[in-house]
Amino acid sequence: MLDDFMMRAALAGIGVALASAPLGCFVVWRRMAYFGDATAHAAMLGVALSLVLSVSLLACVLVVALFMALCVSLLSDRGYTMDTLLGVMAHAALAFGLVAVSMVQVARLDLMSYLIGDILAVGRRDLALIWGGAALVIAIIALRWSGLLIATLNPDLARASGVNPRREQLLLTLSLAVVVAVALKVVGVLLIAAFLIIPAAAARPFSRTPEGMAILAAVIAIVAANGGLMIAWRLDTPAGPSMVSLAAVCFVLMTLAGLIHRRLGQRHA
């Protein structure tokens, strides 16, 4: 089964969808969309370090993402607003990463695969890393669901309940770095944040509970991943952008359906 590259690509898409969808809900709830985008852009610097040092891509991306999050946390209390720091560090990391990658001879032809993904080139080792990272993120979210949720809704209530909001924030940052690292091969640096946010945003109009929103977001992400893969196969389009485009279509349709449902409910009321 794993000898079929389309099967490997489909499994990779499902793994990334399962990891990114519930995490994307927290990104939406905490209004961390820009932070997710900044972490994804910083991943390009991790790619450059991995190529230059010939070490694990996953390890380098994790280190860069966590380092950026730590710097933002330390500098945010020193007169800079969070959005300014994220903008400076994200684009600086992306620019330095692109320059560094362009200086590595073997990486010049592969630059687009890092920017928009190359899911059709996923191998067995990549698949193992993707599902390993997805399992880690799912385990963190499942084990710390209550703490993460209460820290997201009300930090003061979380402290009163014995939950440390900073610790939960660190767990979210770690999970986000892992998702960025494993999704790099699938949707690329430029589209990782979109694949995090769009399925969660699409699930919001039809979700009555946080758990329901996470599950529905996972379903939408899986549909977008595999549907986008089939579109790319039939129309010969880039797989990563096709997946994100289908997710965006799902968002528009579900938003319109939600508006119609509310209007009908108001008329009946």
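# Briefing: an all-helix chain and its salt bridges

E168 has a relative accessible area of 0% and therefore counts as buried. The model is a predicted one, and in this model E168 forms salt bridges with R144 and with R167. The protein chain holds 12 helices and 0 strands. The points below cover the overall form, the charged pairs, the nonpolar core, two of the helices and one buried histidine.

**Overall form**

- Read from the N terminus, the elements of the protein chain run α-α-α-α-α-α-α-α-α-α-α-α, in line with the count of 12 helices and 0 strands.
- The radius of gyration of the protein chain is 19 Å, which agrees with the value near 18 Å that a compact globule of 269 residues would have.
- Along the principal axes, the C-alpha atoms occupy a box of roughly 65 × 50 × 30 Å.
- Of the 269 residues, 46% count as buried.
- The accessible surface amounts to about 13,500 Å², and carbon and sulfur atoms account for 67% of that area.
- When contacts between residues at least 6 apart in sequence are taken, 74% of them join residues at least 24 apart.

**Salt bridges**

- The structure contains 3 salt bridges.
- Side chains of opposite charge can pair when their charged atoms come close.
- In the pair of E168 and R144, the closest N and O atoms are 2.6 Å apart.
- E168 belongs to helix α9 (residues 165–187), while R144 sits in the loop between α6 (124–143) and α7 (145–153), so this pair ties together parts that are 24 residues apart in sequence.
- R144 has a relative accessible area of 27% and is therefore partly exposed.
- E168 also pairs with R167, with the closest N and O atoms 3.3 Å apart; R167 is partly exposed, at a relative accessible area of 40%.
- R144, R167 and E168 are thus linked in a network of salt bridges, in which E168 is buried at 0% relative accessibility.
- Another salt bridge joins D156 and R159, whose closest N and O atoms lie 2.9 Å apart.
- D156 and R159 are 3 residues apart in helix α8 (residues 155–160), so about one helical turn separates them.
- D156 is exposed at 55% relative accessibility, and R159 is exposed with a relative accessible area of 53%.

**Nonpolar core**

- In soluble globular proteins, nonpolar side chains tend to be buried together.
- The largest nonpolar core has 84 residues, and M44, I119, V186, V187 and F195 touch the most other members.
- Helix α1 (residues 5–29) makes the greatest contribution to this core, with 13 residues.
- V186, one of the residues that touch the most other members, is in contact with A12, V16, I116, G117, D118, I119, I130, G240 and M243 once its neighbours within four places in sequence are left aside.
- Two of these contacts of V186, G240 and M243, are also among the buried residues of α12.

**Helix α11**

- The 26 residues of helix α11 (residues 210–235) should span 38 Å at 1.5 Å a residue, and the end C-alpha atoms are 36 Å apart, which agrees.
- The buried positions of α11 are M213, A214, A217, A218, I220, A221, A224, A225, G228, L229 and A232.
- Those buried residues pack against α1, α7, α10 (192–203) and α12.
- D236, just after α11, adopts a positive phi of about 55°.

**Helix α12**

- Helix α12 (residues 239–268) is made of 30 residues, and the distance from its first C-alpha to its last is 43 Å, close to the 44 Å expected at 1.5 Å a residue.
- Buried in α12 are A239, G240, S242, M243, V244, L246, A247, C250, M254 and G258.
- Helix α12 is one of the elements against which the buried residues of α11 pack.

**A buried histidine**

- H41 lies in helix α2 (residues 33–53).
- The relative accessible area of H41 is 9%, under the 20% limit, so H41 is buried.
- Apart from residues up to four places away in sequence, H41 touches A90, H91, A93, L94, V189 and L190.

Key: Residues are numbered from 1 along each chain as its sequence is written. This is a predicted model: local features need pLDDT of at least 70, side-chain atom pairs count only at pLDDT 80 or more; totals for chains, interfaces and linings use all residues. Side-chain values use heavy atoms; hydrogens and water are left out. A nonpolar core is a set of buried Ala, Val, Leu, Ile, Met, Phe, Trp, Tyr and Cys residues joined through side-chain atoms within 4.5 Å. Buried means under 20% relative accessible area, exposed over 50%, partly exposed in between (1.4 Å probe, protein chains only). Helices (H or I, at least four residues) and strands (E, at least two) are DSSP runs, numbered from the N terminus. Contact means heavy atoms within 4.5 Å. The expected span of a helix is 1.5 Å times one less than its number of residues. The radius of gyration is taken over C-alpha atoms; the globule rule is 2.2 Å times the number of residues to the power 0.38. Accessible areas come from the Shrake-Rupley method with a 1.4 Å probe; for residues, only the protein chains shown count as cover. A salt bridge is a side-chain nitrogen of Lys or Arg within 4 Å of a carboxyl oxygen of Asp or Glu.
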